[in-house]
Structures are given as structure tokens and as C-alpha cells.
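Grab a coffee and open the model in your viewer. Here are a few exercises, each with a worked solution to check yourself against.

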Amino acid sequence: MSAQVTEDQVYSALKKCMDPEIPVNVVDLGLIYGVKVASGKDVDIKMTMTTRGCPLHDTLVSDVKRYVGKVPGIGNISVEIVWDPPWSLEKMNPQVREQLGFGKPKLRFQIDYEKAKPMKVGRQSKQEDGSMILANDKDQGFMVNEAIIEFWNTCDGTKTINQLTDQFSAKLGMPRQQVEQEVVQLVQQLLEAELLKA
């Protein structure tokens, strides 16, 4: 008789799965709305995303399946994305929320867009399963996608945030305002993850 898969095992597997946009696992982020184990091996996961238009849906769902798939004796894994109730910062683990500096009115890093020239630190590596990781000097790894790596590589200490924004808005053919918010958020996250120095 093979061991029964438990919800705890599924949750601890999910804790290894990072949200691509925020370096926090999907459980602490509050994205997992429910885990059901049927007949001791088949798992149903209900989860949501931080934003509806999130282009990273597919990667996140396949990451979840990949990590949960490592649980011994696991059967079918079904992941259902639900939008009700909508995700909000309140659903996050409060300690993690504090750590990330959410819920504080000001960002922890006050960056001068005209002068600061972010410089990448840390290293990039690929895991056995093909996922990309950026690791800082403390050896903390963050799962990232190609776009983030490309951005990180662009931060070579020669361009200001304004220049980085111009470059990306030209490349993506998107209005500058839209890109600027993304760029600033990314810079913030990479600074927090100690993958950039400003």
C-alpha cells in the first residue's frame, strides 16, 4: 500500500514555488485558496494570481505542478485558477508583507531616476528542471523569467532608471508611463533581493 499524500505535503511543496513577480512563495503570498487530496493521491489546487492580466499564469501553473509533482506517490494534479475572492495584500502572510515593505506608504528605496545607475550583482544559473534562477551573494535564489534576466543584464551600472525605461519602452513598443512603473517595480524588487546595487 503506497503512502497517502497529505495536504501538508502539498503545502510544503507549494512553499518552494515562487511567484515570478515577487520573490515570495505562493503559500505565503496567499495565492493558494485550497488544496484537496482525493483517494490519497489526486490533488486539486485552487489558486489565484496577484493580477488578472498576469502574463506569468502559465509559468506559475506549470511551476506549481512541477513542485507538487515531486511529492512521493502523487497522482493527478489539477490546478484551477479562481478570481473570487480577488487577491489582496491582506491575504499575504503578515510577516512576509512586513519584510517586503508592503503596507508601508513609502518604498524602502528612494531612487533618483535621473542619477541612480543600478548595477547588477549576484549570478544567474539554471536549475536541472530548466527554470532560471538569479542568486545573490548570500546565495538566496529567486526564480525569474527571461524578461527579468534580460532586464537584470541591462543594469550594468552605466544607465540611469530613466535610460533603462526609454530603452525598454522602445524595445517593447509600449508607452513610457506603462513601462516606467514596471521598471521601477523591478528595480525595487531586485534591490530588495540584493540582485542590484543602486
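**Exercise 1. Find which residues have the most contacts inside the largest nonpolar core, and which elements supply that core.**

Solution. Keep in mind that you're looking at a predicted model.
- Step 1: The largest nonpolar core has 32 residues, and Val10, Leu14, Ile32, Ile45, Met47, Val64 and Val68 are those with the most contacts inside it.
- Step 2: Now trace where the core comes from. Helices H1 (7–14), H2 (57–68) and H3 (94–100) each put in at least two residues, and so do strands S1 (32–38), S2 (42–47) and S3 (77–81).
- Step 3: The top contributor is H2, which gives five residues.
- Step 4: For background, nonpolar side chains in soluble globular proteins tend to be buried together.

**Exercise 2. Pick Ile45 and list what it is in contact with, skipping neighbours within four places in sequence.**

Solution.
- Step 1: Start with Val10 and Leu14, which are both in contact with Ile45.
- Step 2: Add Ile32, Gly34 and Val35, then Val64 and Val68.
- Step 3: Finish the list with Ile77, Ser78, Val79 and Glu80.
- Step 4: Don't stop at this core, though: a separate second one has 24 residues, including Phe142, Ile161, Phe168 and Ala193.

**Exercise 3. Describe the second largest pocket: its space, its lining and the classes of its residues.**

Solution.
- Step 1: The pocket holds about 190 Å³ of space.
- Step 2: Its lining is made of 14 residues, with Thr59, Asp63, Met143, Val144 and Asn145 nearest the centre.
- Step 3: Both H2 and strand S7 (141–144) supply at least two lining residues, and H2 has the largest share, with four.
- Step 4: Sorted by class, the lining comes out as six nonpolar, five polar and three charged residues.

**Exercise 4. Where does Pro85 lie, and what kind of peptide bond joins it to Asp84?**

Solution.
- Step 1: Look in the loop between S3 and H3, where Pro85 lies.
- Step 2: Check omega between Asp84 and Pro85: at about -5°, this is a cis peptide bond.

**Exercise 5. Ser39 and Glu194 each have a positive phi without being glycine. Work out where each one is found and how exposed it is.**

Solution.
- Step 1: Ser39, with phi of about 40°, is found in the loop between S1 and S2.
- Step 2: Its relative accessibility is 58%, and the cut-off for exposed is over 50%, so Ser39 counts as exposed.
- Step 3: Glu194 has phi of about 60° and is found in the loop between helix H6 (176–192) and strand S8 (196–197).
- Step 4: Glu194 is partly exposed because its relative accessible area is 36%.

Notes:
Residues numbered from 1 in each chain as written. Predicted model: local features only at pLDDT ≥ 70, side-chain atom pairs only at ≥ 80, totals over all residues. Heavy atoms only, no water. Core = buried A, V, L, I, M, F, W, Y, C linked by side-chain atoms within 4.5 Å. Buried < 20%, exposed > 50% of the residue type's maximum accessible area, 1.4 Å probe, protein only. Contact = heavy atoms within 4.5 Å. 1 Å grid on protein atoms, 1.4 Å probe; cavity = no way out; pocket = protein on both sides within 12 Å on 5 of 7 lines; lining within 4 Å. Points joined across faces, edges and corners; volume = space filled by probe spheres on them. Nonpolar A, V, L, I, M, F, W, Y, C, P; charged D, E, K, R; others polar.
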